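Biologist: I have a model open and want to learn to read its sheet and helices. Where do we begin?

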Amino acid sequence: MTDDDLMGEALDLARSAMADGDVPVGAIVINPSGTVIGRGRNTRERDGDPTGHAEVVAIREAAAAVGQWRLEGCTLVVTLEPCTMCAGAIVSSRVARLVFGAFDDKAGAVGSLWDVVRDRRLNHRPEVRSGVRAQESTALLQGFFATHR
């Protein structure tokens, strides 16, 4: 599957978050052989959990699937640029590759406000691809926030 195809699955997860009033962000983790081993969507509103970001949910599920915290060789695909918490989780879990859709000018930590995942002081730096299906991710977010502001 291509990054565009994988982002399609993440976008589907993002759409499902809106049913619970959560910001539409979706994420998947793919192992080195191309199998999805983790899926996540924002669950902060549903669960009342400030760490319920799509990336964290997907990373937790992937770690449970492989039976360890190291996700070496794995790719994380997420519809929105990760925040500082999620960027830290990506580095800490040793995800090899990050693919994201829309940039987040207000909280992005992969180039917009900060660049946590490429900080040379850290012991792990994933490869990054940005802007995959960004217009779809942005439209989803704009539609959500238009009804909440």
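Modeller: Begin with one residue pair. This is a predicted model. In it, Ile28 stands opposite Val77 in E3.

Biologist: How many bridges join E1 to E3, and in which sense do the two run?

Modeller: The general idea comes before the case. Strands of a sheet pair through backbone hydrogen bonds, either parallel or antiparallel. Here E1 and E3 run antiparallel, joined by four bridges.

Biologist: What about E1 and E2? Which sense is their pairing?

Modeller: Antiparallel, over five bridges; E1 covers residues 26-30. Take two contacts along the ladder. Ile28 has Arg39 of E2 as its bridge partner. Val29 has Gly38. The two strands make a hairpin, with five residues between them. In that turn, Gly34 has a positive phi of about 95°.

Biologist: In what order do the strands of the sheet lie?

Modeller: The order is E2-E1-E3-E4-E5. These five strands form an open sheet, and the pairing is mixed. Strands E2 (36-41) and E5 (127-129) stand at the edges. Each has a single partner strand, so one side of each is left without a neighbour in the sheet. On average, neighbouring strands are turned by 15° against each other, direction ignored.

Biologist: Are the residues of E1 buried or exposed?

Modeller: Read burial from relative accessible area: under 20% counts as buried. Five of the five residues of E1 are buried, so the strand is largely enclosed by the rest of the structure. Now look at directions. Gly26, Ile28 and Ile30 point one way from E1. Ala27 and Val29 point the other way.

Biologist: Which strands does helix H3 lie across?

Modeller: H3 (residues 54-66) lies across E1, E2 and E3 (75-80). H3 runs at about 150° to E2. Helix H5 (residues 134-146) lies across E3 and E4 (97-102), at about 55° to E4.

Biologist: How far does H5 reach from its first C-alpha to its last?

Modeller: Compare the span with the rise per residue. H5 has 13 residues and reaches 18 Å, close to the 18 Å expected at 1.5 Å a residue.

Biologist: Which residues of H5 are buried?

Modeller: Ser137, Leu140, Leu141 and Phe144. Look down the axis of H5. The buried residues fall within an arc of 95°, so they line one face of the helix. They pack against helix H1 (3-17), E3 and E4.

Biologist: And which residues are exposed on the other side of H5?

Modeller: Gln135, Gln142 and Ala146.

Conventions. Residues are numbered from 1 along each chain as its sequence is written. This is a predicted model: local features need pLDDT of at least 70, side-chain atom pairs count only at pLDDT 80 or more; totals for chains, interfaces and linings use all residues. Side-chain values use heavy atoms; hydrogens and water are left out. Two strands pair if DSSP finds at least two bridges between them. Axes are lines fitted to C-alpha atoms, for helices over the stretch in contact, and angles run from 0 to 180 degrees between N-to-C directions. Contact means heavy atoms within 4.5 Å. The expected span of a helix is 1.5 Å times one less than its number of residues. Buried means under 20% relative accessible area, exposed over 50%, partly exposed in between (1.4 Å probe, protein chains only). The arc is that of the directions from the helix axis to the C-beta atoms.
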